[in-house]
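Me: I would like a close look at a single helix of this protein, with attention to which of its residues face inward and which face outward, and then a connected account of how other parts of the fold are packed.

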Amino acid sequence: MTTAPSPTTAESAPPERPGGRARRLRLLVVLGALSAFGPLSLDMYLPALPSLAQGFGVRDADVQLTLTSCLVGLAAGQLIAGPLGDRWGRRKPLLVGLVCYVVASLLCAAAPGVTALTGLRAVQGIAGAAGIVLSRAIVRDLYDGTAAARTFSLLMLVNGIAPIMAPVLGGQLLRVTTWRGIFVTLAVVGALILAATVLVVEETLPPGQRRTGGLGATVRSFGALLRTGGFMRYALAGGCAFAAMFTYISASSFVLQQVYGLSPQEFSLAFGANAFGIMLLGQGNALLLRRSSPQVLLRAGLILCATGGAALLLSVLAHLGLPAVLASLFALVGSIGLIMPNATALSLAGQSEGAGTASALLGLLQYALGGIAAPLAGLGSPAPSMAVVVAVFAAAALLTLVRLPGRRGATA
């Protein structure tokens with residue numbers, strides 16, 4: 001059983017046991033898959049959104065609500081799974097969440113209408129959130145500081161495959177099935193991850209380090225984190241960048257297919273190329289952490305994000321065409337590979353106790369901001385609305401890092 005490192009050993013990792021490197025590699029692969037439930041649940045059926053709206057005879061905005069409800073579920077589920085992980089350990093809440101995810105995905109496939117699908121998507125998000133929040137907590141149990149940032153970057157190599165493959169797979173599935181088949185596929189993927197978790201993931205939170213107390217203790221923990229300048233600075237900066245990216249996720253299917261004329265298969269390839277940018281910069285981040293601090297790399301990522309957002313707005317408003325739009329989106333989305341590992345590690349630094357609760361609040365802020373941003377992109381003309389919302393949240397992410405106070409002695 002592995003214990004959490006002390007705050008004074010920020011760069012240390014658990015000692016290797018016999019077969020430890022192979023075990024660590026398997027663990028990283030599974031944790032990467034668990035942390036990918038967000039892009040898996042959100043991205044795979046993006047190519048089907050226009051046809052889904054036509055099939056149900058509803059507006060595009062009604063179909064976009066199924067994305068928002070899943071996002072809300074992902075946020076709310078983290079508030080449930082995170083504190084439970086601090087109280088009962090990581091493994092049991094994780095396995096329960098995975099079982100519920102498989103069941104919810106099958107129910108989504110059988111939804112009779114868009115209203116039912118919207119509600120079931122929320123349930124699916126709540127269940128999938130366990131993998132996201134508890135995978136972060138497990139990393140925090142094992143690593144701290146730069147070691148944690150490097151590990152989160154390595155996880156992005158694994159879960160970076162999800163946003164690349166999910167829309168591509170979704171687009172190809174639409175050749176032989178409908179959107180319902182996509183949800184059946186999600187259920188199968190969830191079952192495979194469940195089996196891998198049972199075999200690979202051990203408990204990382206010893207009983208002596210678990211928190212006792214009920215809802216009141218959890219609320220007090222959230223309140224303390226909200227008053228912690230360092231946590232909020234990095235969590236909000238990462239959350240605003242995530243909101244910019246989620247605006248792109250929710251609106252790009254309509255913008256690139258209906259405005260710029262891409263087919264579902266072409267859209268899935270463009271979407272996958274942007275996701276490859278996340279993976280590429282995420283691995284660059286892991287290498288750069290050998291020479292630079294997480295604070296410096298986070299600032300660089302946020303500058304790239306804000307630049308991509310401004311370029312996208314200019315490209316759309318000045319009618320510069322599809323190549324300029326795609327280049328701007330590549331810069332914007334790729335910056336997440338620099339932003340999220342460092343923002344996550346810096347937010348959770350010093351949270352050796354209650355890492356599940358801190359991870360839950362971190363995820364809530366990200367998905368809540370994403371839930372606010374995404375509907376705004378549907379209020380006007382698709383391309384200008386998406387560009388404006390993306391640019392605003394990308395700029396807000398950089399301003400948050402620059403303007404909000406952080407930990408004493410921290411640099412950014």
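Reply: In this predicted model, helix α3, which spans residues 49-56, has L49, P50, L52 and A53 as buried residues. These four cover an arc of only 165 degrees around the helix axis, and therefore they lie on the same side of α3. The face of α3 that is turned away from this buried side carries Q54 and G55, both of them exposed. After the helix comes G57, a residue whose phi is positive, near 65 degrees.

To set that helix in its surroundings, the secondary structure of the protein amounts to 17 helices and 0 strands, and 57% of its 412 residues count as buried. When contacts are taken between residues at least 6 apart in sequence, 86% of them join residues that are at least 24 apart.

One residue gives a concrete case of such a long-range pairing. G82 belongs to helix α4, residues 60-88, and it counts as buried because its relative accessibility is 0%, where the cut-off for buried is under 20%. Although 275 residues separate G82 from T357 in sequence, their C-alpha atoms are 4.9 Å apart in space. If the neighbours within four places in sequence are left aside, the contacts of G82 are with V133, G356, T357 and A360.

The packing of whole helices can be followed through α15, which is described here with two partners. Helix α14 (residues 322-334) and helix α15 (residues 336-348) have axes 5 Å apart, at an angle of about 15 degrees. Since angles under 35 degrees count as roughly parallel, α14 is therefore roughly parallel to α15. On the α14 side the contact is made by L332, V333 and G334, and on the α15 side by I336, G337 and L338. By class, the residues of this contact between α14 and α15 comprise 4 nonpolar, 2 polar and no charged.

The second partner is helix α12, residues 264-288, whose axis comes within 7 Å of that of α15 and crosses it at roughly 50 degrees. The two helices, α12 and α15, are therefore oblique to each other. Here α12 contributes I278, L281, G282 and N285, while α15 contributes I336, G337, L338, P341 and N342. The contact of α12 with α15 divides into 5 nonpolar, 4 polar and no charged residues. Read together, the two lists show I336, G337 and L338 of α15 taking part in the contact with α14 and also in the contact with α12.

The cysteines remain to be considered, and the count of disulfides comes to 0. C240 is in no disulfide, and the nearest cysteine sulfur to it, that of C305, is 9.5 Å away, whereas a disulfide would require the two sulfur atoms to be within 2.5 Å. C305 is likewise in no disulfide, its nearest cysteine sulfur being that of C240, 9.5 Å away. With regard to exposure, C240 counts as buried because its relative accessibility is 10%, and C305 also counts as buried, because its relative accessibility is 1%.

Returning to the helix you asked about, the picture for α3 is one of L49, P50, L52 and A53 buried on the same side of the helix, with the exposed residues Q54 and G55 on the face turned away from them.

How values were computed. Residues are numbered from 1 along each chain as its sequence is written. This is a predicted model: local features need pLDDT of at least 70, side-chain atom pairs count only at pLDDT 80 or more; totals for chains, interfaces and linings use all residues. Side-chain values use heavy atoms; hydrogens and water are left out. Axes are lines fitted to C-alpha atoms, for helices over the stretch in contact, and angles run from 0 to 180 degrees between N-to-C directions. Angles under 35 degrees count as roughly parallel, over 145 as roughly antiparallel, 65 to 115 as roughly perpendicular and the rest as oblique. Contact means heavy atoms within 4.5 Å. Ala, Val, Leu, Ile, Met, Phe, Trp, Tyr, Cys and Pro count as nonpolar, Asp, Glu, Lys and Arg as charged, and the others, Gly among them, as polar. Buried means under 20% relative accessible area, exposed over 50%, partly exposed in between (1.4 Å probe, protein chains only). The arc is that of the directions from the helix axis to the C-beta atoms.
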